[in-house]
Every structure is written in structure tokens, then in C-alpha cells.
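Here is an easy-going walk through one protein model, from its strands to its charged and aromatic contacts. Keep the structure open while you read and look up the residues as they come along.

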Amino acid sequence: MEFLVLGALEARHDGALVDVRGMRQQRLLALLLLNANRAVPMDFLVDELWEDPPPSARPQVHNAIRDLRRVLTAGEYRLVTVDVGYRLVLPEDAVDAHRFTRKVREARAAERDGRLAEAIRLLQSAVDLWRGEAFAGLHCPAVTSAAVKLNEQRLTALEDLMALRLKVGENSSLVGELTALLAEYPLRDSLRRSLMTALCRSGRQADALAVYEEGRRFLADELGLEPSPALRALQAEILADAPGVHAAVDRPAPVQPPAGSRDPLPAGPREPAAGPNCLPHDLPDFTGRAAETALLLDAVGRRTPGTPLMVAIDGMGGVGKTTLAVRLAHRLTPDFPDGQFFVALDGYDETRPPMSPLRALAVLLCADGVAPDRLPATLEERSTLWRSRLAGRRCLLVLDDAVDSAQVRPLLPGAGEALVVVTARRKLGALDGAVALPLDVLPPRDAVELLGRVAGEQRVAREPERAAEAAVLCGFLPLALRIAATKLRDRPAWRVADLVARLADPERRARCLRTADRDLMALLRGSYQYLDRAQRRFSRLLSRQSDGPFDLDRAAAVTGLSPGEAEGCLDVLFEHNLVRQEDSALFSFHGLVRDCARALPDPAEPERPAPPAVLAEVVDLRVPAAL
């Protein structure tokens with residue numbers, strides 16, 4: 001049995017919601033939980049439950065206690081009568097607030113010991129316990145006071161988590177999260193400083209200064225105050241383009257997987273990294289990919305000494321390319337101690353154009369310690385400097401979400417023991433010498449396991465057939481599975497069958513696979529932005545006529561194209577991982593890609609301008625010319 005107070009008060013027995021009826025009885029339970037394993041005087045309860053207690057207050061408390069005893073069905077949970085009142089006896093971890101404070105305490109101990117990866121994991125799991133404001137909807141003095149303290153502890157934990165993730169080199173990936181948090185809590189100085197730092201390290205100095213100015217105006221208008229000295233000092237550093245703002249922070253060894261884990265990347269002996277580590281954090285619930293990981297590790301083990309090795313991971317949106325690349329990079333950090341670099345190339349981000357090679361080299365060189373004012377002006381000069389700095393070093397470079405081979409080539413090392421991992425939705429056959437790994441969806445067993453690891457293994461295990469059905473409806477696609485499992489985890493009243501019901505209908509499925517910051521259909525739609533109008537029309541018509549495999553003749557017939565034209569369109573869709581090739585003559589859509597293609601706008605509608613192509617030697621106007 002467990003009690004959840006980090007949100008609306010809930011009591012659960014074996015995962016099922018227990019009905020605690022009546023607002024007074026809920027407030028009584030909240031007061032007992034706040035004083036768990038301690039005697040709670042009757043007078044205290046009466047004063048908290050009534051502003052002006054009636055003569056029948058004590059009998060009403062007795063009746064509410066009797067009803068609560070019916071709720072406490074597990075043997076280790078007892079509501080006992082003592083001389084002065086009552087005492088609720090239960091294990092400390094039965095209350096999510098106690099689990100939260102314990103995880104935060106352990107995270108701070110890990111940070112003091114230099115175990116930053118473990119500290120991040122613990123803080124993330126602590127803030128993930130929250131479902132809303134503490135004791136939401138319950139109002140009495142002691143509960144309100146406790147809620148204020150808990151809510152403040154949550155914000156502090158979030159601020160610490162953001163700061164730690166910045167410390168280990170996460171920058172652009174934090175901007176969205178920090179922007180949303182700052183919009184909700186505009187007076188939190190730490191969040192504003194973290195967002196400014198993340199923007200600056202991502203090469204968005206102008207945006208960082210705009211965040212400062214927005215905060216200055218807000219403080220002046222609302223409170224008549226000036227920004228804090230720390231915030232003003234950060235603004236001055238950004239204006240001066242101080243190297244400290246851009247500095248990457250070394251990251252310790254990743255946390256070892258728990259005993260019995262099926263993690264295909266067991267931790268081996270590790271040595272401290274000597275160079276900068278800019279890798280994003282690893283996912284603790286990473287699932288599957290044992291065969292792919294073995295192939296990549298074998299390729300790394302057989303690399304030619306003194307020659308860089310390049311691995312190109314391609315696959316449809318949401319298939320887990322970045323997750324696998326980051327997991328591999330963390331696993332191989334000890335083998336490449338002279339620096340681990342990560343840059344998001346934004347190849348398929350609908351909100352911004354792809355990062356130019358000129359800008360990407362600025363990010364990489366600054367991460368490696370080059371002062372911004374020392375950056376060469378041209379692409380060729382920056383590429384030469386980057387190659388010279390990597391020569392003779394054992395470095396690892398992750399180039400994530402590339403749009404094409406032309407975007408990647410200027411970033412590649414020339415000599416040395418470097419490993420380059422490139423991820424892309426498009427097949428990168430033009431990268432000569434690369435080890436190609438087309439990434440497919442998860443096998444059914446791993447897909448169900450991922451559902452369980454995110455939503456709760458016991459909860460999923462109680463409905464194995466429905467869990468398997470949910471995995472099928474998610475197309476075994478890791479991102480779809482993760483979003484669906486998160487929806488299930490965050491809705492304790494749902495059964496797996498309720499999730500299946502929502503996934504079974506295409507319109508409800510699209511809504512179910514969307515959260516505040518992740519939208520699977522929007523992500524898949526981004527894969528079509530480099531197709532011309534005829535190719536998008538071909539995909540739309542074909543998806544509406546073909547639920548199963550199809551051959552070239554059928555594709556031509558349903559789209560009204562000649563066989564040669566249809567073959568050309570199929571080649572493009574295959575190159576972009578928008579269709580699968582079942583055998584030499586048959587093709588098919590992934591189910592979720594078919595849903596996305598069917599929703600593409602009619603070709604008769606005005607065409608949205610395609611994003612600009614990557615221009616190799618055009619200065620990126622989002623940053624100062626020096627970068």
C-alpha cells in the first residue's frame with residue numbers, strides 16, 4: 001500500500017486507487033501522514049479540521065478514524081489509538097514525499113562525492129514522483145504549511161537538476177525545459193541563470209541576453225527590484241563573451257546498471273576522462289538493442305589503429321537513434337579519454353533550419369577550449385583547425401540528427417584514434433568508409449519490457465495480453481512506446497486496457513502519443529520537409545490506398561504515375577526511411593508513418609516553404625559574426 005501526496009492525495013493498494021471519501025476524511029488522512037509513526041493529539045486534529053469546532057467534533061473524528069481503518073488493509077499499516085489521540089504506523093517509503101526527500105538527499109551526497117551522473121539520475125527520479133502541487137485541493141493550516149515547504153523543495157530539486165545537467169555539458173537539449181519552467185516560475189533566479197547559460201553555450205548569445213532583459217523588466221514592473229548580482233554578473237560575462245560561459249565540464253563515469261539488469265552495455269573498468277565531456281545524460285531505463293550494440297562494439301574493437309572510425313546510424317523518426325548513440329558513447333568513454341563531444345545538428349527540427357557546418361564547428365571548437373574571439377572566419381579554416389586539434393587524440397564525436405552527408409563532412413577528423421557516430425533519418429551512403437547501421441523498431445519482447453520499465457513493471461505484468469497489444473499499436477517504435485507508457489504511468493486510474501482503447505483509434509492514437517513537449521506525429525511529419533510536392537502527394541495517396549505491402553505496379557496505379565516516376569518516388573521515400581523494403585519487389589509503410597502520411601495536406605493547398613538547405617560557407621545569422 002502507498003500514499004501519494006505530491007499532487008492530489010491518493011491512497012493505493014496494489015496499484016489500485018482506494019476510495020477515501022469526504023473532504024474531512026481526506027484532510028484527516030493528510031494530517032496523520034504528515035505525522036506518520038508519531039502520536040497526533042485529538043485537540044490538534046479538531047483544531048485543524050474545524051475553524052469553529054462543533055460540540056460533535058470529537059465523535060466525528062472517531063467516526064472518520066473508523067472509516068480510515070477500513071482503508072488500511074495491509075498488515076504493516078495500522079492506525080492505533082494512544083492516550084492523547086492516534087498514531088498512524090507505516091513504513092516511511094509508503095509515502096511518496098518521504099521517497100522524494102530520500103532521493104534528493106542521496107543525490108546531494110552523490111554530487112559531493114563527484115558522482116554527477118548518479119546525482120542526475122536520483123534527482124530526475126525524485127522530481128518524476130510529482131503529479132502536481134503537494135496536497136492539491138486540501139486546505140487546513142498544517143497541510144497548507146507542509147505543502148508550501150514540499151513545493152519549494154521540488155523547485156529547489158528542479159533547479160539543482162538543471163544546474164547539474166548543465167555541468168555535465170547538456171546545453172541545447174535543456175533550453176526547452178528551462179524555458180517552460182521559467183514561464184511558470186519567472187521569479188526563480190537560478191532558472192533564469194541556467195537558461196541564459198544554456199542558450200549562450202548553444203551559440204544563442206542574443207537570446208540569452210533577451211532572457212536577462214525580460215527578467216529585468218518583470219522584476220521592475222512587478223516588484224520594483226533590479227536583477228540579483230549573480231544575474232548581472234552573468235549578463236556581463238555574456239556581453240564580454242567570457243570563455244567561462246562556454247566551458248564544458250568533465251563528467252564522471254556513468255552510473256552502473258542495477259544487478260540483474262538486461263542492459264546490453266555492462267559497465268567495465270573505467271578511467272577518468274582527460275578531455276571535455278559534452279555528452280547528454282544516459283537513460284536509466286534504456287531497453288533492448290543488444291544485437292545492434294554488439295555489432296557496433298565489434299566494429300570499434302576491430303578499428304584500424306591510427307585511423308578514425310565512423311558509424312552512421314539511420315532510421316525513421318522516433319526509432320531511438322540518438323538514445324543508442326548516447327548509450328554507446330557513454331559505454332566507450334574510457335576508450336576515448338581525450339574528449340567526448342556532442343552536437344545537435346537540427347536536421348529535422350521544424351522550428352529552425354539545420355545547423356550550418358560553420359556554426360557546428362564553432363560549437364565544437366569552443367567546447368574544446370578555443371576562445372570565441374580566436375575562431376577563424378571561414379568554413380575551411382575552422383575545419384582545418386578542428387582536424388589539427390583532434391590529430392593524435394583519442395576522441396569521441398557524436399553528430400546527432402544530420403540532414404545529409406554535406407553537413408557532416410567538414411566536421412570529421414582527419415587522423416588519430418577518433419570515433420565518430422552520426423545519426424540521421426536519411427541514409428548516409430555518401431559517407432565513404434562509414435559502418436552503416438539501419439535501426440529498426442524493437443522486437444515485441446523488448447517493446448513490452450520498455451513499457452514496463454517506464455510505466456511500472458508490475459502494472460504491465462498484470463495485463464500481459466493488453467501490454468502486447470499496446471506495443472503492437474505503438475508499432476514497436478521506442479518513442480511511441482515511451483510516450484504511451486508515460487501517459488499510463490502518470491494516470492494511476494488507467495489500466496493497460498484503457499491505454500489500448502485510446503491507441504486503437506487513429507485519431508485518439510495521435511492525441512495519446514502527444515505530451516506537452518513531445519508530439520510523435522509532428523516529429524514524423526518533420527521527415528517529409530525535404531520531399532517536394534510530388535513526392536509528398538505520392539506518399540499521401542499511397543498511404544490511403546495501401547494498408548499492407550505493395551509493389552511498384554500497385555504504387556503506380558494508385559498514384560497515377562508511370563512506373564518510372566513511381567520508382568523514383570519510392571527510392572526517395574526509402575532513402576528517407578519513410579517506407580520499408582520487405583523484399584526485392586515489395587514495400588510497406590510503418591503503421592504510424594502511414595497515419596502521418598494520410599494526414600499530409602492536400603497537394604492543392606498552398607505549399608509550405610521548405611527549410612533552407614545547409615549552406616556550407618554562409619555565416620549563421622543567429623550568432624555574432626565572430627562565431
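## Strands, charges and rings

Let's begin at the start of the chain, where β1 and strand β2 (residues 10–13) run antiparallel and are joined by three bridges. One facing pair to look up here is Phe3, which sits opposite Ala11 in β2. Keep in mind as you look around that this is a predicted model.

These two strands belong to an open sheet of three strands, ordered β1-β2-β3 and paired in the antiparallel sense. At the edges are β1 (2–4) and β3 (16–18), each of which pairs on one side only. On average, neighbouring strands in this sheet are turned by 40° against each other, ignoring direction. As a bit of background, strands of a sheet pair through backbone hydrogen bonds, either parallel or antiparallel.

For the parallel kind, jump along the chain to strand β10 (residues 419–424). It has a partner in strand β7 (residues 309–314), which runs parallel to β10 and is joined to it by six bridges. Ile313 stands opposite Thr423 of β10. Strand β9 (residues 396–402) also pairs with β10 in the parallel sense, this time over five bridges. In that pairing, Leu399 is found opposite Val422 of β10.

So is β10 mostly covered or mostly open? Mostly covered: six of its six residues are buried. In a regular strand, side chains alternate between the two faces of the sheet. In β10, Leu419, Val421 and Thr423 point one way, while Val420, Val422 and Ala424 point the other way, and all are buried.

Now for the charged side chains. How many salt bridges does a search of the whole structure find? The search finds 34. The idea behind them is that side chains of opposite charge can pair when their charged atoms come close. Here are three of them, with the N to O distance for each.

| Salt bridge | N to O distance |
|---|---|
| Glu10 and Arg12 | 3.1 Å |
| Arg108 and Asp160 | 2.8 Å |
| Arg302 and Asp298 | 2.8 Å |

Take Glu10 and Arg12 to begin with. Glu10 has a relative accessible area of 16%, so it counts as buried, the cut-off being under 20%. Arg12 is buried too, with a relative accessible area of 3%.

The pair Arg108 and Asp160 is a nice one to trace. Arg108 is in helix α4 (residues 96–112) and Asp160 in helix α6 (residues 141–167), so their salt bridge ties together parts that are 52 residues apart in sequence. Arg108 is partly exposed, at 30% relative accessibility. Asp160 is partly exposed as well, with a relative accessible area of 26%.

As for Arg302 and Asp298, Arg302 is exposed, with a relative accessible area of 61%. Asp298 counts as partly exposed, at 41% relative accessibility. Elsewhere, salt bridges with shared partners join Asp113, Arg115, Glu118 and Arg121 into one network.

On to the rings. The structure holds five aromatic pairs. One of them is Phe100 with Trp130, an edge-to-face pair with 5.5 Å from centre to centre and 85° between the planes. Why does this pair tie together parts that are 30 residues apart in sequence? Because Phe100 lies in helix α4, while Trp130 lies in the loop between α5 (116–127) and α6. Phe100 and Trp130 are both buried.

Another edge-to-face pair is formed by Tyr348 and Tyr530, at 5.3 Å centre to centre and 90° between the planes. Tyr348 lies in the loop between β8 (340–344) and α14 (357–367), and Tyr530 in the loop between α23 (520–525) and α24 (533–545), so this pair ties together parts that are 182 residues apart in sequence. Tyr348 is buried, with a relative accessible area of 4%, whereas Tyr530 is partly exposed at 21%. There is also one aromatic cluster formed by Phe550, Phe587 and Phe589.

Finally, look for charges sitting over rings. Lys427 lies over the face of Phe574, 4.9 Å from the ring centre. Arg491 lies over the face of Trp494, at 5.2 Å from the ring centre.

Key. Residues numbered from 1 in each chain as written. Predicted model: local features only at pLDDT ≥ 70, side-chain atom pairs only at ≥ 80, totals over all residues. Heavy atoms only, no water. Pairing = 2+ DSSP bridges. Helix = DSSP H or I, 4+ residues; strand = E, 2+ residues; numbered from the N terminus. Axes fitted to C-alpha atoms, helices over the stretch in contact; angles between N-to-C directions. Buried < 20%, exposed > 50% of the residue type's maximum accessible area, 1.4 Å probe, protein only. Salt bridge = Lys/Arg side-chain N within 4 Å of Asp/Glu carboxyl O. Phe/Tyr/Trp six-rings, centres within 6.5 Å; stacked < 30°, edge-to-face > 60°. Lys NZ or Arg CZ within 6 Å of the ring centre and 35° of its normal.
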